[in-house]
Amino acid sequence: MNPQSVITLGQQALYVMLMIAAPMLLAALLVGLVVSILQAATQINEMTLSFIPKLVAMLAALVIAGPWMIAFFVDYMRRLFEAIPTAIG
């Protein structure tokens, strides 16, 4: 296994991780931003107020983007398993 293929595999793994986590993280980010703006506008400083909306948004993002996330990960794993003979030899 040459060092270039290791770097490529590592970069691909990080890219897949980022792409799979992105829908839920973006949903939490947007909901947190909206809740923070509403808290600033109404001067309600309750830290636990943003927890439930973020949880619901992340669940909705998982339901909506879940099939794509699974297909993306399965495609990556298929490519990874197909690359095993070239990595060994």
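The side chain of T48 makes a polar contact with the side chain of E46, at 2.9 Å. I begin with this contact, in what is a predicted model, and shall work outward from it. T48 itself lies in the loop between α1 and α2. Is T48 buried or exposed? With a relative accessible area of 54%, T48 is exposed, because the cut-off for that word is over 50%. One distance helps to place T48 along the chain: its C-alpha atom and that of A61 are separated by 21 Å, and the two residues are 13 positions apart in sequence.

E46 has a further partner. The side chain of Q39 reaches the backbone oxygen of E46 at 2.7 Å. Please note the distinction between the two contacts: T48 meets the side chain of E46, whereas Q39 meets the backbone oxygen of E46. Q39 is found in helix α1. Its relative accessible area is 15%, and Q39 is therefore buried, since buried means under 20%. Which residues does Q39 touch, leaving aside those up to four places away in sequence? They are I44, E46 and L49.

Let us stay with the loop for one more residue. Q43 lies between α1, which covers residues 3-42, and α2. Its phi is positive, about 60°, although Q43 is not a glycine. Q43 is also exposed, with a relative accessible area of 69%.

I turn now to helix α2 and to charged side chains. As a general point, side chains of opposite charge can pair when their charged atoms come close. How many salt bridges does the structure hold? The structure holds 1. R79 forms a salt bridge with D75, and the closest N and O atoms of the pair are 3.4 Å apart. Why are these two residues about one helical turn apart? The reason is that R79 and D75 are 4 residues apart in helix α2, which comprises residues 51-82. As for their surroundings, R79 counts as partly exposed at 39% relative accessibility, and D75 likewise counts as partly exposed, at 35%.

The surface also offers a nonpolar feature. F51, I52, L55 and V56 form a nonpolar patch there, with about 410 Å² of accessible area together. One of these residues, I52, has its place in helix α2.

With these details in hand, we may consider the protein as a whole. Its secondary structure comes to 3 helices and 0 strands. From the N terminus on, the elements run α-α-α. The radius of gyration is 19 Å, well over the 12 Å that the globule rule gives for 89 residues, so the protein is more spread out than a compact globule. Along its principal axes, the C-alpha trace spans about 65 × 25 × 15 Å.

Two pairs of residues give a sense of distances within this shape. A13 lies in helix α1 and is partly exposed, with a relative accessible area of 34%. The C-alpha atoms of A13 and G66 are separated by 18 Å, and these residues are 53 positions apart along the chain. I84, in turn, has its place in helix α3, residues 84-88. I84 is partly exposed as well, at 39% relative accessible area. From I84 to A22 there are 62 residues in sequence and 28 Å in space, C-alpha to C-alpha.

What share of the 89 residues counts as buried? The share is 17%, and Q39, which I described earlier, is one of the buried residues. The accessible surface of the protein comes to about 6800 Å², and 77% of that surface belongs to carbon and sulfur atoms. Contacts may be viewed in a similar way. Among contacts in the protein with a separation of 6 or more, 77% are accounted for by residues 24 or more positions apart.

To review, we began in the loop between α1 and α2, where T48 lies, and found two contacts with E46: one from the side chain of T48 and one from the side chain of Q39. We then met the salt bridge of R79 with D75 and the nonpolar patch of F51, I52, L55 and V56. Finally, we saw that these details belong to a protein of 3 helices and 0 strands.

Terms used:
Residues numbered from 1 in each chain as written. Predicted model: local features only at pLDDT ≥ 70, side-chain atom pairs only at ≥ 80, totals over all residues. Heavy atoms only, no water. Salt bridge = Lys/Arg side-chain N within 4 Å of Asp/Glu carboxyl O. Buried < 20%, exposed > 50% of the residue type's maximum accessible area, 1.4 Å probe, protein only. Rg over C-alpha atoms; globule rule 2.2 N^0.38 Å. Contact = heavy atoms within 4.5 Å. Areas by Shrake-Rupley, 256 points an atom, 1.4 Å probe, with all protein chains shown as cover. Patch = residues over 30% accessible without salt bridge, like charges linked within 9 Å, V, L, I, M, F, W, Y side chains within 5 Å. Polar contact = N/O pair within 3.5 Å; in protein donor to acceptor, adjacent residues only side chain to side chain.
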